[in-house]
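Okay, thanks everyone for squeezing in. I'll put the model up, and then we can walk through it together.

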Amino acid sequence: MDIGMLRNNTKFYDGFEGEEEITLSIVETPDINIHIWSGYFYDFVGKPALDGNGWRGFTRDYNQMERSFGNEDYVITDVKEYLDDLLTYSNIKYDYTEISECYSLLCCFLEYALKYNYHINVHVF
């Protein structure tokens, strides 16, 4: 994994300045961080399954406006839960290449944090 792509990466927020931004950073090494426009998050988790099995990770947080999408910074300690949640969307074909690339970056970021047992700070503003 090229961790260079995880250092201060704003690729998926550039051009959306002034709109809602989601920043994820590694608590233990804050220079490892990614910035994502909230519209991309909607594409990943904004239309969840309504099968009664409950939501977890970003799907729960985004759709219930809590934890990482609450009113304050949130520290993810159970990174596996959030990665597993995102991986449920791995078979979706997105309309735009940048959405697929952003999804891959987010998964790589979570995999990196999980591998080293890091915590993730999520800031939505």
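Before anything else, a word I'll lean on: buried means under 20% relative accessible area, exposed means over 50%, and partly exposed is in between, with a 1.4 Å probe and protein chains only. Also, this is a predicted model, so local features need pLDDT of at least 70, side-chain atom pairs count only at pLDDT 80 or more, and totals for chains, interfaces and linings use all residues. Residues are numbered from 1 along each chain as its sequence is written, and side-chain values use heavy atoms, with hydrogens and water left out.

Right, cysteines. Cys107 comes out at 6% relative accessibility, so it counts as buried. Cys102 is at 0%, so that one counts as buried too. How many disulfides does a search of the whole structure find? Zero, where a disulfide is a pair of cysteine sulfur atoms within 2.5 Å. And why no bond for Cys102? Its closest cysteine sulfur, in Cys107, is 9.7 Å away, which is too far. For Cys107 the closest cysteine sulfur sits in Cys108, at 7.2 Å, again too far for a bond.

Now the fold. We've got four helices and five strands, all of them DSSP runs numbered from the N terminus: helices are H or I with at least four residues, strands are E with at least two. Along the sequence the pattern goes β-β-β-α-α-β-α-α-β. The five strands make an open sheet, ordered E1-E3-E2-E5-E4, with mixed pairing; two strands pair if DSSP finds at least two bridges between them. Strand E1 (9-12) and strand E4 (74-76) are the edges, each pairing on one side only. Look at E2 (residues 21-26) and E5 (residues 120-124): they run antiparallel and are joined by five bridges. Thr23, for instance, stands opposite His123 in E5.

Then the aromatics. There are 16 aromatic pairs here. The rule is that rings of Phe, Tyr and Trp (its six-membered ring) pair if their centres lie within 6.5 Å; planes under 30 degrees apart count as stacked, over 60 as edge-to-face, and the rest as tilted. Take Tyr94 and Tyr103: centres 6.0 Å apart, planes at 45°, so that pair is tilted. Both Tyr94 and Tyr103 are buried. They also belong to one aromatic cluster, whose members include Phe41, Tyr42 and Phe44.

Last, the overall picture: 45% of the 125 residues count as buried, and the C-alpha atoms fill a box of roughly 40 × 30 × 30 Å along the principal axes.
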